[in-house]
Amino acid sequence: LSVGTSITDIKAWGGDIVRSIRSEHKVTLAVEFLETNAYTLEAFTGDSSASASAAVIKNVGGLRQKWIIDVIDGTDTVRVVIPDGEVAELGDLVLNTEEAIKYPVTIACYPDGSGNKAYLYVDNV
């Protein structure tokens, strides 16, 4: 989960910074899906007709929808809820015999009606 901002400095005559304005706020989530199913294939390829066994790769926009992603680490569970997110970047699909197949995507998070881009919940069981 990456949260980034850009700041634009306003300078007075002579170069002194007299004000800083946040000009950009960006939230993205980079994930690697470890399952091969219709959902992951649709997210990775953008093919809305993808099934668990087939998908086509073509030049289409990224899948935009609500995302709920659970990460389990031992006894801890982290849930990330993205009310409006779009697949913005794809990683390389590596096919070899030395590791599991992973579908890497980066999801751009857009603000909901309350201005929130993502919600983070942690459950320590």
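## Pockets and salt bridges at a glance

The largest pocket is lined by Phe 33, Leu 34, Glu 35, Asn 37, Tyr 39, Thr 40, Glu 42, Ala 43, Leu 63, Gln 65 and Trp 67. Keep in mind that this is a predicted model. There's a second largest pocket to look at too, at about 150 Å³, and a search of the whole structure turns up 3 salt bridges.

**Largest pocket**

- Volume first: the largest pocket holds about 270 Å³ of space.
- Helix H1, which covers 38-45, and strand E3 each give at least two residues to the lining of this pocket.
- H1 has the largest share of that lining, with 4 residues.
- Sorted by class, the lining of the largest pocket comes out as 6 nonpolar, 3 polar and 2 charged residues.

**Second largest pocket**

- Here 14 residues make up the lining, and the ones nearest the centre of the pocket are Phe 44, Thr 45, Gly 46, Val 60 and Leu 90.
- H1 and E4 are the elements that put two or more residues into the lining of the second largest pocket.
- This time E4 supplies the largest share, 4 residues.
- The class split for the second largest pocket is 8 nonpolar, 4 polar and 2 charged.

**Salt bridge between Asp 84 and Arg 64**

- The side chains of Asp 84 and Arg 64 pair up in a salt bridge, with 2.8 Å from N to O.
- Asp 84 sits in strand E4 (residues 76-90) and Arg 64 in strand E3 (residues 64-73), so this pair links parts that are 20 residues apart in sequence.
- Arg 64 has 48% relative accessibility and counts as partly exposed, because that class runs up to the 50% cut-off for exposed.

**Salt bridge between Asp 70 and Arg 79**

- Asp 70 and Arg 79 form another salt bridge, and their closest N and O atoms are 2.7 Å apart.
- On the acidic side, Asp 70 is partly exposed at 41% relative accessibility.
- Its partner Arg 79 is partly exposed as well, with a relative accessible area of 36%.

**Salt bridge between Lys 102 and Glu 99**

- Lys 102 and Glu 99 meet through their side chains in a salt bridge, at 3.1 Å from N to O.
- For Lys 102, the relative accessible area is 25%, which makes this residue partly exposed; the cut-off for buried is under 20%.
- Glu 99 also counts as partly exposed, at 39% relative accessibility.

Conventions. Residues are numbered from 1 along each chain as its sequence is written. This is a predicted model: local features need pLDDT of at least 70, side-chain atom pairs count only at pLDDT 80 or more; totals for chains, interfaces and linings use all residues. Side-chain values use heavy atoms; hydrogens and water are left out. A salt bridge is a side-chain nitrogen of Lys or Arg within 4 Å of a carboxyl oxygen of Asp or Glu. Buried means under 20% relative accessible area, exposed over 50%, partly exposed in between (1.4 Å probe, protein chains only). On a 1 Å grid over the protein atoms alone, a cavity is a set of points where a 1.4 Å probe fits but cannot get out, and a pocket is an open set with protein on both sides within 12 Å along at least five of seven lines; lining residues have an atom within 4 Å of a point. Grid points are joined across faces, edges and corners, and a volume is the space filled by probe spheres set on the points. Ala, Val, Leu, Ile, Met, Phe, Trp, Tyr, Cys and Pro count as nonpolar, Asp, Glu, Lys and Arg as charged, and the others, Gly among them, as polar.
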